[in-house]
Amino acid sequence: MQSHVRRPWLLLVLVLVGVLITVRSYNRGVSRAILAESQVAPANPPRELAAKIATDQASANANLVTWHIGSVDPRFGITEKELADCIRKATDLWEAAAGTRLFRQDEKEGFPVNLVFDERQELLLEQRKEKPHLDELAETVRQLKEYRQTTLQRFENANKELEARYKAHETAVRDYNAKVGYWNRTRDASPEVVSELDATKASLQSEAEALESQHDAVAKLRDQDSEAVQAVNRAVDALNSAAAAFNALAKPGAMTQVGVCVRSSKVEKIEVFAFQDFNSLTCTLAHEFGHALGVAHVQKTGALMNPVADAKAGEKELRLTDEDKQALQEALKKDP
Ligand SMILES: [Zn+2]
């Protein structure tokens, strides 16, 4: 029995589940020549030749890994045709790497491919339902953070301006006081000097009043900024608790078995228990059909035959790594 497990979505802690591997290899070595020969047979071959062709065809077929659509639980929301399309994409991948035909679809022979619905897919569907809500909360956080940047900028600019104005005012007051001190000591101020000093004093007083109201305006900007910070924090809290609830749907750290290929003398079947979308389904199918060929697990990260599926496999291009191809060559070399 060969299993395929996937990382739980969004969870970072991983616990590996040990998987028992017992593989019986298949007879292989189907050459294109045999198939070609039977395909180019004359329209009305002599009985003997027809029989030989039929035998060749049968023995060629016998070497192919045969599959058929088994039971498909309707709760997966996938038609048998869509499943068959995914299977063909998965098997094409191996055939392209082998450079020969390896699989055959049948009405009822060979591996049944079953989609078995249980709490694993239920969980994925639940998560899929929750995802837009999470995205919405994350977008709210992003917008509020952006807005907070503008309130911070506004406050900082105004505050800088206010500080400069305070400094200039302080300098002017110092100058004024120095002048007043000087004329008090000399007791020799002309009426022009006195009226100039009075004018300066009045202007300093009105500047002090202006500074007061500018200070109030800056304080208002600071309040707006701290309100914006609080709004960001509230939104982050909401996002965090929603994400925690989302993650709690899956057992933290637990691995989910998403597929299995059973090969024994009694039972032969491929089953898939959970998938996000057609791409991740195709990925799991390609893994299990690899086992159907007798391909063993590959420990290299990113390999299709790695026992732990990439949680984001569905977003990547379906491909075999060099290690997968090596494992395929080894499986094809084996005798039955
Ligand atoms: Zn596996």
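**Exercise 1. What do the buried residues of helix 4 pack against?**

Start by listing them: in this predicted model, the buried residues of helix 4 are Gln 121, Leu 124, Val 141, Arg 148 and Phe 155. Now look for their partner. These buried residues pack against helix 5, which covers 191-249.

**Exercise 2. Work out whether the length of helix 4 agrees with its number of residues, and find its kink.**

Step one: helix 4 runs over 119-186 and has 68 residues. Step two: at 1.5 Å a residue, the expected span is 100 Å. Step three: the end C-alpha atoms of helix 4 are 97 Å apart, so the two values agree. Step four: follow the helix to Glu 130, where you'll find a kink of about 30 degrees. The proline Pro 132 comes shortly after that kink.

**Exercise 3. Find what is unusual about the backbone at Arg 187, and decide whether this residue is buried or exposed.**

Let's place the residue before anything else. Arg 187 sits just after helix 4, in the loop that leads on to helix 5. Next, check its phi: the angle is positive, about 50 degrees, even though Arg 187 is not a glycine. Most residues other than glycine have a negative phi. Last, count neighbours. An exposed residue has 12 or fewer other C-beta atoms within 10 Å. Arg 187 has 6 C-beta neighbours inside 10 Å, so it counts as exposed.

**Exercise 4. Describe the largest nonpolar core and say which elements feed into it.**

First, the size: this core has 41 residues. Then its best-connected members: Leu 285, Phe 289 and Leu 293 have the most contacts inside it. Finally, the contributors. Helix 3 (80-98), helix 6 (278-292) and helix 7 (322-333) each supply at least two residues, and so do strand 4 (111-115), strand 5 (256-263) and strand 6 (268-272).

**Exercise 5. Sketch the whole protein from end to end.**

Count the pieces: there are seven helices and seven strands. Put them in order along the sequence and you get β-α-α-β-α-β-β-α-α-β-β-α-β-α. Then look at burial: of the 336 residues, 23% count as buried. To finish, take the contacts between residues at least 6 apart in sequence; 77% of them join residues at least 24 apart.

**Exercise 6. Decide which stretch to read with care.**

Begin with the overall picture: the average pLDDT is 83, and 80% of the residues score at least 70. Now go to residues 8-43, where pLDDT stays under 50. The model still has 63 contacts beyond four places in sequence for this stretch. Where pLDDT is low, though, the predicted coordinates should not be read in detail.

Methods. Residues numbered from 1 in each chain as written. Predicted model: local features only at pLDDT ≥ 70, side-chain atom pairs only at ≥ 80, totals over all residues. Helix = DSSP H or I, 4+ residues; strand = E, 2+ residues; numbered from the N terminus. Buried ≥ 20, exposed ≤ 12 C-beta atoms within 10 Å, placed from the backbone. pLDDT = per-residue confidence, 0-100. Contact = placed C-beta atoms within 7 Å. Core = buried A, V, L, I, M, F, W, Y, C linked by C-beta atoms within 7 Å. Expected span 1.5 Å × (residues − 1). Bend = angle between axes of the 7 residues up to and from the residue.
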